[in-house]
Number of protein chains: 2
Amino acid sequence: MTESRFSSSREEPARPKARASRGPRGRGREGDKRERILRAATKVFARKGFYATKVSEVAKAAGVADGTIYLYFENKDDLLVSLFEDRILRLLSTLERALAERDTSEARLRCVIEMQLGLLEGERDLAEVITVNLRQSTRLMKQYAAPKFMLYLDSIARVIAEGQKSGAFRADVSPHLVARTIFGALDGIAMTWALGKAEPGGLSRAATQVADILLSGLLAK
Amino acid sequence: MTESRFSSSREEPARPKARASRGPRGRGREGDKRERILRAATKVFARKGFYATKVSEVAKAAGVADGTIYLYFENKDDLLVSLFEDRILRLLSTLERALAERDTSEARLRCVIEMQLGLLEGERDLAEVITVNLRQSTRLMKQYAAPKFMLYLDSIARVIAEGQKSGAFRADVSPHLVARTIFGALDGIAMTWALGKAEPGGLSRAATQVADILLSGLLAK
DNA sequence: AAGAACTGAATCGCGATTCAGTCACGAAGG
DNA sequence: CCTTCGTGACTGAATCGCGATTCAGTTCTT
């Protein structure tokens, strides 16, 4: 395995090798090459799976040379992790902005659900990479994906906790557990959607129903 | 890439190469060697991740020679898929048996939830393999894991549908969607549990809360 | 002794990564 | 304005290690 970064307590001792902000500073006239590579990687990973994808295939899809990838990413693993981090941070900021505009806890929760499924519906490849490919290795999850992921979960948990404080939601359940429940439910739905037919509009219809169930389960009596 | 079996419509054309029931028929006095290998594989995969694990490591952990693995499994991928199939079928039959003993829909749903989390709590390694490692590749999921997985989802969906027919559950949601929601929620909880502290008893406490939420969301008014 | 189960060292292909060049462009000088 | 450097981006063919798989040989079972 491409070891370099990536190791957890249960494996060899970590030697993190300075998570650098990689890549040539200035950008050529071709626009952001890093972004081009990330986009290509998303497409190819979704189609073939991370491990079955050769770096040279990503390069070809992005229209760059094999070596160029290594100017922007440390190695193949870093490519996957960067992809995830980039996208989840984007989701997070979009979410925070949207949440700020809703006033009731119920609206905020629906917002979370619609947002998570909505993002994926618009980008099926990304959905597949996140729900399936990202879970490549425990090591990768634990070391790199987990922290940003927790940020996202915290965001959801906060919505729940606030709802409880205001009396809108039942208070006898742990906000974090609820957050994980919600995330898991949405992730599972997205996964079966991505792996199956992926009918257009399927996810948004699903979102409404799931929101109905979870809300009536959560609203205070 | 270990191609052999494993290809989906989106990749090269399939050439399934007769999914054989592998392995020497008779078993040595050592007990079931196939089972020994599966158990060892679970442990090692959980610790290092599927792709980072060498076949020789599984062999060593199982106390057999490298070559012996290939008497029981077609290749490394087959090992992972067999693992999943074996375990989910076991879960399925245990579940069906348990369901037969509950009479109300509510009890049956609680049963599903407790069973899925209970199985994993007892076998943390298996939990990690199923929630994380299994999702190695789209190809693998689509071709082999998906069918058995659907069987399991159907089982859950049946519980919901029956509850709806009897009037116990609200009827305005799709049983399959609910099944996916429930599975996803449980899977997500198990994942964060397996990747995190994995406190003993954590899952069963979670089970109760999740069941409470989902049930009050599902019960007819 | 025949056959099955098992072994593990050697093979062999693959693909991530490297790095010696090439290229493009702005700066400096004529 | 043209020429020549210098620098950083980019290229892609060659390397090189790894590890899945094989199979000739060994050991067990009958």
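Reader: In chain A, what share of the contacts with a separation of 6 or more comes from residues 24 or more positions apart?

Author: In this predicted model, residues 24 or more positions apart supply 69% of the contacts in chain A that have a separation of 6 or more. A companion figure is burial, and of the 221 residues of chain A, 45% count as buried.

Reader: How many helices and strands does the secondary structure of chain A come to, and what pattern does chain A follow along the sequence?

Author: The count for chain A is 9 helices and 0 strands, and the pattern read along the sequence is accordingly written α-α-α-α-α-α-α-α-α.

Reader: Into which domains is chain A divided, and how many residues of each are in contact?

Author: Chain A is divided into domain 1, covering 33–72, and domain 2, covering 77–218, and the C-alpha centres of these two domains of chain A lie 26 Å apart. Across the boundary, 10 residues of domain 1 of chain A are in contact with 11 residues of domain 2 of chain A. On the domain 1 side that touches domain 2 of chain A, helix α1 (residues 33–48) of chain A gives the most, with 6 residues. By class, that side of domain 1 of chain A has 7 nonpolar, 2 polar and 1 charged residues.

Reader: How should I read burial for a single residue, for instance Ile156(A), and which residues does Ile156(A) touch?

Author: The idea is to count the other C-beta atoms within 10 Å, with 20 or more of them making a residue buried. Ile156(A), placed in helix α7 of chain A, is buried because 25 other C-beta atoms lie within 10 Å. Leaving aside residues up to four places away in sequence, Ile156(A) touches Val112(A), Ala179(A), Ile182(A) and Phe183(A). Of these partners, Val112(A) is 44 residues from Ile156(A) in sequence, while the two C-alpha atoms are 7.2 Å apart in space.

Reader: And is Gly167(A) buried or exposed?

Author: Gly167(A) counts as exposed, because it has 10 C-beta neighbours inside 10 Å, and 12 or fewer is the condition for that label. Its place is in the loop between α7 (138–165) and α8 (175–195) of chain A. The C-alpha atoms of Gly167(A) and Leu186(A), which are 19 residues apart along the chain, are separated by 25 Å.

Reader: Can the reading be extended to a whole helix, and how many of the 8 residues of helix α6 of chain A are buried?

Author: In helix α6 (residues 124–131) of chain A, 6 of the 8 residues are buried, so this helix is largely enclosed by the rest of the structure. The buried residues of α6(A) are Leu126(A), Ala127(A), Glu128(A), Val129(A), Ile130(A) and Thr131(A). In chain B, Glu128(B) lies in helix α6 (residues 124–131), and Glu128(B) counts as buried because it has 26 C-beta neighbours inside 10 Å. The C-alpha atoms of Glu128(B) and Gly188(B), 60 residues apart along the chain, are separated by 11 Å.

Reader: Turning to helix packing, at roughly what angle do the axes of α5 and α8 of chain B cross?

Author: Helix α5 (residues 105–122) and helix α8 (residues 175–195) of chain B have axes that come within 10 Å and cross at roughly 30°, and the two are therefore roughly parallel to each other. The crossing of α5(B) and α8(B) is right-handed. From α5(B) the contact takes Val112(B), Ile113(B), Gln116(B), Leu117(B) and Leu120(B), and from α8(B) it takes Ile182(B), Leu186(B) and Ala190(B). These residues of the contact of α5(B) with α8(B) divide into 7 nonpolar, 1 polar and no charged.

A general point helps in reading such lists: an α-helix has 3.6 residues a turn, so residues three or four places apart point the same way.

Reader: What is the corresponding angle for α4(B) and α5(B)?

Author: The axes of helix α4 (residues 76–100) of chain B and α5(B) come within 10 Å and cross at roughly 150°, which means that α4(B) is roughly antiparallel to α5(B). This crossing, too, is described as right-handed. Leu91(B), Thr94(B), Leu95(B), Ala98(B) and Leu99(B) of α4(B) meet Arg108(B), Cys111(B), Val112(B), Met115(B) and Leu119(B) of α5(B). The classes in the contact of α4(B) with α5(B) are 8 nonpolar, 1 polar and 1 charged.

Reader: Finally, at what angle do helix α9 of chain A and helix α9 of chain B pack?

Author: Helix α9 (residues 202–218) of chain A and helix α9 (residues 202–218) of chain B pack at about 110°, with their axes 7 Å apart, and α9(A) is therefore roughly perpendicular to α9(B). The contact is made by Ile213(A), Leu214(A), Ser216(A), Gly217(A) and Leu218(A) of α9(A) together with Ile213(B), Leu214(B), Ser216(B), Gly217(B) and Leu218(B) of α9(B). By class, the contact of α9(A) with α9(B) has 6 nonpolar, 4 polar and no charged residues.

How values were computed: Residues numbered from 1 in each chain as written. Chains lettered and ligands numbered in written order. Predicted model: local features only at pLDDT ≥ 70, side-chain atom pairs only at ≥ 80, totals over all residues. Domains from an automatic or database assignment. Contact = placed C-beta atoms within 7 Å. Helix = DSSP H or I, 4+ residues; strand = E, 2+ residues; numbered from the N terminus. Nonpolar A, V, L, I, M, F, W, Y, C, P; charged D, E, K, R; others polar. Axes fitted to C-alpha atoms, helices over the stretch in contact; angles between N-to-C directions. Parallel < 35°, antiparallel > 145°, perpendicular 65-115°, else oblique. Left-handed = near helix turned anticlockwise from the far one by under 90°.
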